[in-house]
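Please open the structure in your viewer and keep the selection panel at hand. The tour below proceeds by selections, each followed by a description of what is to be found there.

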Amino acid sequence: MKFFADTADIDAIRELAATGLLDGVTTNPSIIMKSGRDIWEVTKEICEAVDGPVSAETVALDAEGMIAEGRKLAQIADNIAIKVPLTWDGLKACKVLSGEGRMVNVTLCFSANQAILAAKAGATFVSPFIGRLDDINLDGMELISDIRTIYDNYGFGTQILAASIRTVNHIAESARIGADVITAPPEVIKKMAAHPLTDKGLEGFLADWAKTGQTIL
Ligand code: E4P
C-alpha cells in the first residue's frame, strides 16, 4: 500500500519523506488556498521533496481547458499527476492526457459507476472520497470495497487512491479491502504509530532501566 500526504505543507511533507514512508502527495485548490502559497512555487517544492507522484488539480470546467491546464501543470516536474474532476469533460480530458503518457488522477469520485468510467478513460488513479460520503450518512468504505471488486473483475489497472480520509480506521480498513494508495493529512498518518499500550510499556521499561543505574551511551 502506498502512502500519499494530502497537503501542501512543505515542512510536514519533508518530515514524512525523511522517514521513507511517503510515496507521493495530493493537492487540490482548497489545499493550495489553505497553504497561502503560489501554486507553481509550492508544487515545484513538493515535487522536489518527494520521488513519487504529486497531484496538481485543474480548475477549468471544459475538457479543452482541463487539457491545456494539465499540460501546463505537467511542465512543473516529471512526477506531476494531473488531477481532473470526475465529470464528463474530466473523463474526456483524462483520455487525452493519459494517451499522452501523463499520469492522471480522476478525483471527486463518489460512485462505483464513476470509478468504472475513470478506469475506461485510462486514469492512473481514481480518488473515491470516503469522509465526504460518511459526512452525508453514506458508507465511504463500501465504495472502496465495490471499486476493488469491480476493478479485479475486469483487470482494470487504475489504482484506487482512497481519499478524504479522516481517521486512522479509514486507513486500516482501506488496507484490509485492498486500496492501492491512501492519501491522508500528515497528522492522521502520524497517528497510526500511536498506541496507549506502547506508551505504557515504554514507561515501564524506562522506570525499570533507571533502577539498574546503567547507561547505554
Ligand atoms: C484527495 O485528493 C483530496 O485532496 C482530499 O482527500 C479531500 O479530502 P477532504 O474531504 O478532507 O477535503
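## A network of salt bridges

Begin by selecting R14, R37, E41 and E45, which are linked in a network of salt bridges; the model is a predicted one, and a search of the whole structure finds 13 salt bridges. Within this network, show the side chains of E41 and R37, which form a salt bridge whose closest N and O atoms are 2.9 Å apart. E41 is partly exposed at a relative accessible area of 44%, and R37 also counts as partly exposed, its relative accessibility being 25%.

## Along helix 3

Next select helix 3, residues 39–49, where K44 and E48 lie 4 residues apart, about one turn of the helix. The two side chains form a salt bridge, with 2.9 Å between the closest N and O atoms. On which side of the 50% cut-off for exposed residues does each partner fall? K44, with a relative accessible area of 43%, is partly exposed, whereas E48 is exposed because its value of 58% is over 50%.

## A bridge between separate parts of the sequence

Now move to R166 and D135, whose salt bridge has its closest N and O atoms 3.0 Å apart. R166 belongs to the loop between strand 7 (159–162) and helix 9 (168–177), while D135 belongs to helix 7 (residues 130–135), so this pair ties together parts that lie 31 residues apart in sequence. If you colour by accessibility, R166 should appear as partly exposed at 41%, and D135 as exposed, with a relative accessible area of 52%.

## The annotated lysine

Select K83 next, a residue in strand 4 (residues 80–85). The UniProt record, an unreviewed entry, places the annotation "active site" on K83. Is K83 buried or exposed? With a relative accessible area of 3%, K83 is buried, because that value is under the 20% cut-off. To display its surroundings, leave aside residues up to four places away in sequence and select the residues that K83 touches, namely T26, T27, N28, S55, A56, E57, T58, N105 and T107.

## A nonpolar patch on the surface

Finish by switching to a surface representation and selecting W209, I216 and L217, which make a nonpolar surface patch of about 440 Å². Of these residues, W209 can be located in helix 11 (residues 196–212), and its relative accessibility of 35% means that W209 counts as partly exposed.

How values were computed: Residues are numbered from 1 along each chain as its sequence is written. This is a predicted model: local features need pLDDT of at least 70, side-chain atom pairs count only at pLDDT 80 or more; totals for chains, interfaces and linings use all residues. Side-chain values use heavy atoms; hydrogens and water are left out. Patches are made of residues with over 30% relative accessible area and no salt bridge: like charges are joined within 9 Å, nonpolar side chains (Val, Leu, Ile, Met, Phe, Trp, Tyr) within 5 Å. Accessible areas come from the Shrake-Rupley method with a 1.4 Å probe; for residues, only the protein chains shown count as cover. A salt bridge is a side-chain nitrogen of Lys or Arg within 4 Å of a carboxyl oxygen of Asp or Glu. Helices (H or I, at least four residues) and strands (E, at least two) are DSSP runs, numbered from the N terminus. Buried means under 20% relative accessible area, exposed over 50%, partly exposed in between (1.4 Å probe, protein chains only). UniProt positions are given in the numbering used here, feature names are shortened, and annotations may be inferred rather than shown by experiment. Contact means heavy atoms within 4.5 Å.
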